[in-house]
Amino acid sequence: MSLAKLLIVIGLGVAALGALLHFAPGLFGWFGRLPGDIRLGDENRTVFIPVTSMIVISIIISLILNLFFRR
């Protein structure tokens with residue numbers, strides 16, 4: 001796959017994700033609320049570390065990329 005085709009596919013994927021977020025904002029309501037996501041804070045500050053959410057997203061992206069780029 002040439003670089004131009006790869007950039008087109010990535011661009012279409014980003015556009016599709018943007019359309020999903022625009023037309024279905026509640027679809028990703030689970031992000032940041034999984035067990036294992038760390039949320040620390042007091043009245044003035046909040047620190048948020050989405051450990052479990054990032055692991056789930058990493059697994060999903062790895063599966064998708066393995067489907068497309070398997071030889």
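This is a short dialogue on reading the fold and the main pocket of a predicted model.

Student: What should I know before I start?

Tutor: This is a predicted model, where local features need pLDDT of at least 70, side-chain atom pairs count only at pLDDT 80 or more, and totals for chains, interfaces and linings use all residues. Residues are numbered from 1 along each chain as its sequence is written, and side-chain values use heavy atoms, with hydrogens and water left out.

Student: How many helices and strands does the chain have?

Tutor: Helices (H or I, at least four residues) and strands (E, at least two) are DSSP runs, numbered from the N terminus. Here there are 2 helices and 2 strands. Their order along the sequence is α-β-β-α.

Student: Is the chain spread out or compact?

Tutor: Compare the radius of gyration, taken over C-alpha atoms, with the globule rule: 2.2 Å times the number of residues to the power 0.38. The chain has 16 Å, well over the 11 Å that the rule gives for 71 residues, so it is more spread out than a compact globule. Its C-alpha atoms fill a box of roughly 50 × 30 × 20 Å along the principal axes.

Student: What share of the residues counts as buried?

Tutor: Buried means under 20% relative accessible area, exposed over 50%, and partly exposed in between (1.4 Å probe, protein chains only). Of the 71 residues, 6% count as buried. Take Lys-5, in helix α1. Its relative accessibility is 53%, so Lys-5 counts as exposed.

Student: How is the chain divided into domains?

Tutor: Domain bounds come from an automatic or database assignment. Domain 1 covers 1-28 and domain 2 covers 31-70. Their C-alpha centres are 19 Å apart.

Student: How do I find empty space, and where does the largest pocket lie?

Tutor: Rolling a probe the size of a water molecule over the atoms shows where empty space is left. On a 1 Å grid over the protein atoms alone, a pocket is an open set of points where a 1.4 Å probe fits, with protein on both sides within 12 Å along at least five of seven lines; lining residues have an atom within 4 Å of a point. Both domains give residues to the lining of the largest pocket, so this pocket lies between them. About 590 Å³ of space lies in it, the volume being the space filled by probe spheres set on points joined across faces, edges and corners.

Student: Which residues lie nearest its centre?

Tutor: Gly-13, Ile-61, Ile-64, Leu-65 and Phe-68, out of 15 lining residues. Helices α1 (3-23) and α2 (51-68) each supply at least two of the lining residues.
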